[in-house]
Amino acid sequence: MSGDRRVRKEMAFLGSLIFHSEDISRITEKAAPLRFRNPGNEKIFDVIMTLHRAYLPIDLVEVRDVLVSRGQLEQAGGADYLISLIEAYYKTSDFSNLWTG
């Protein structure tokens, strides 16, 4: 899989976690071992899982706020990049198989 395609797939996967936060446990248990090609995506995934483990809401505002508090928003791609995760999710035609490792 090409690098660009892999990153787009990562983006769609992260968007699915934000959009379907109630299903994070189910989604991540089916995921292959997570190795992100884009280091910013790894930071975003870490925030999503931190919020999930703390039983806090998971949405773009919460993810952005945690990244800001950690000083990692720009390293993760910035606020516009977070919005693009949801867009990538909606553009994905195969929702059942977003992460194959």
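**View 1. Buried residues of helix α5 in the predicted model.**
In this predicted model, the buried residues of α5 are Y81, L82, S84, L85, I86, A88 and Y89. They pack against α1, α3 and α4. The helix has 13 residues, which at 1.5 Å a residue should span 18 Å; the C-alpha atoms at its ends are 19 Å apart, in agreement with that value.

**View 2. One face of helix α4.**
Helix α4 covers residues 60–69, and V63, V66 and L67 are buried in it. Viewed down the axis of α4, these buried residues fall within an arc of 100 degrees, so they line one face of the helix. An α-helix has 3.6 residues a turn, so residues three or four places apart point the same way. The partners of the buried α4 residues are α3 (39–53) and α5 (79–91), against which they pack.

**View 3. The two ends of helix α4.**
The N-terminal end of α4 is capped by D59. A side-chain oxygen of D59 lies 3.1 Å from the backbone nitrogen of V61. After α4 comes G71, with a positive phi near 70 degrees.

**View 4. Surroundings of L67.**
L67 is one of the buried residues of α4. Apart from neighbours within four places in sequence, L67 is in contact with K43, I44, V47, Q72, L73, A76 and L82. Of these, L82 is itself buried, in α5.

**View 5. The largest nonpolar core.**
This core has 27 residues. Those with the most contacts inside it are L14, L17, I44, I48, V63, L67 and L85. Two or more residues each come from α1 (3–19), α2, α3, α4 and α5. The most come from α1, which gives 7 residues.

**View 6. H52 in helix α3.**
H52 has a relative accessibility of 25% and therefore counts as partly exposed. Leaving aside neighbours within four places in sequence, its contacts are S21, I24, S25 and I58. The C-alpha atoms of H52 and L17 are separated by 10.0 Å, and the two residues are 35 residues apart along the chain.

**View 7. Confidence along the chain.**
The average pLDDT of the chain is 85, and 85% of the residues score at least 70. Confidence is highest in α4, at 97, and lowest in helix α2 (residues 24–30), at a mean of 76. Where pLDDT is low, the predicted coordinates should not be read in detail.

Technical notes: Residues are numbered from 1 along each chain as its sequence is written. This is a predicted model: local features need pLDDT of at least 70, side-chain atom pairs count only at pLDDT 80 or more; totals for chains, interfaces and linings use all residues. Side-chain values use heavy atoms; hydrogens and water are left out. Buried means under 20% relative accessible area, exposed over 50%, partly exposed in between (1.4 Å probe, protein chains only). Helices (H or I, at least four residues) and strands (E, at least two) are DSSP runs, numbered from the N terminus. The arc is that of the directions from the helix axis to the C-beta atoms. Contact means heavy atoms within 4.5 Å. A polar contact is a pair of N or O atoms within 3.5 Å; within protein, one must be able to donate a hydrogen and the other to accept it, and residues adjacent in sequence count only if both atoms are side-chain atoms. pLDDT is the predictor's confidence in each residue, from 0 to 100. A nonpolar core is a set of buried Ala, Val, Leu, Ile, Met, Phe, Trp, Tyr and Cys residues joined through side-chain atoms within 4.5 Å. The expected span of a helix is 1.5 Å times one less than its number of residues.
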